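Subject: Structure for you to look at

Dear colleague,

I am passing on the structure we spoke about, and my notes follow it below. Please read them with the structure open beside you.

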Amino acid sequence: MEKNTIVDNEHLENEKKTAFKENNCAVTNVFKVIGGKWKVLLINAIYNDCPKRFGELRREMEDVTQATLTAQLRELERDGIICRKAYAESPPRVEYKLTDLGKTLMPVIRSLEDWWLAYAQYRNNSKN
């Protein structure tokens, strides 16, 4: 009986395809949580001056629209990176803090900052 190598190889090809799907890469998944133009900036701002009020964030990040800021904060809250506390006052007051999980991102963010500085230095040196 002949062996069908095409069928045998299909199994191997399917395994290779699975290995390259985006959800199998941990770093890709990290950036699903902290990626975007504003999230790392928000995490840094809240970490550096905690708790942080919505109005303070809005003033510090004047290029972001209120809708985008609200959406980014909600996503960070949904993902367990920040917590939101609303006070029953007039006018309403809302404060944001990093959760314990959110605080574990700070060494990761610092490491990315260090990488960026080394990369920028490399790029500057390679142009000369």
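What share of the 128 residues in the chain is made up by buried residues? The answer is 23%, and please keep in mind here and throughout that this is a predicted model.

On the overall fold, the chain has seven helices and three strands, and when it is read along the sequence these follow the pattern α-α-α-β-α-α-β-β-α-α. Looking at contacts between residues at least 6 apart in sequence, 45% of them join residues that are at least 24 apart.

Turning to the surface, the chain exposes about 9,600 Å², and carbon and sulfur atoms supply 53% of that area. One part of the surface that I would point out is a nonpolar patch of about 390 Å², which is made by Val27, Val30, Phe31, Val108 and Leu112. Two elements give two or more residues to this patch, namely helix H2, covering 26–34, and helix H7, covering 105–127; of the elements involved, H2 gives the most, with three residues. Val30, which lies in helix H2, has a relative accessible area of 34% and is therefore partly exposed, since that value falls between the 20% under which a residue is buried and the 50% over which a residue is exposed.

Gln72 offers a contrasting case, as it is found in helix H5, residues 66–78, and is buried because its relative accessible area of 11% is under the 20% cut-off. If residues up to four places away in sequence are left out of the count, Gln72 touches Trp38, Lys39 and Leu42.

Finally, a word on the cysteines, which you may want to inspect in the model yourself. The structure holds zero disulfides. Cys83 is in no disulfide, because the nearest cysteine sulfur, that of Cys50, is 7.5 Å away, whereas a disulfide requires a pair of cysteine sulfur atoms within 2.5 Å. As for accessibility, Cys83 is partly exposed, with a relative accessible area of 35%, and Cys25 is likewise partly exposed, with a relative accessible area of 35%.

With best wishes

How values were computed:
Residues are numbered from 1 along each chain as its sequence is written. This is a predicted model: local features need pLDDT of at least 70, side-chain atom pairs count only at pLDDT 80 or more; totals for chains, interfaces and linings use all residues. Side-chain values use heavy atoms; hydrogens and water are left out. Helices (H or I, at least four residues) and strands (E, at least two) are DSSP runs, numbered from the N terminus. Buried means under 20% relative accessible area, exposed over 50%, partly exposed in between (1.4 Å probe, protein chains only). Contact means heavy atoms within 4.5 Å. Accessible areas come from the Shrake-Rupley method with a 1.4 Å probe; for residues, only the protein chains shown count as cover. Patches are made of residues with over 30% relative accessible area and no salt bridge: like charges are joined within 9 Å, nonpolar side chains (Val, Leu, Ile, Met, Phe, Trp, Tyr) within 5 Å. A salt bridge is a side-chain nitrogen of Lys or Arg within 4 Å of a carboxyl oxygen of Asp or Glu.
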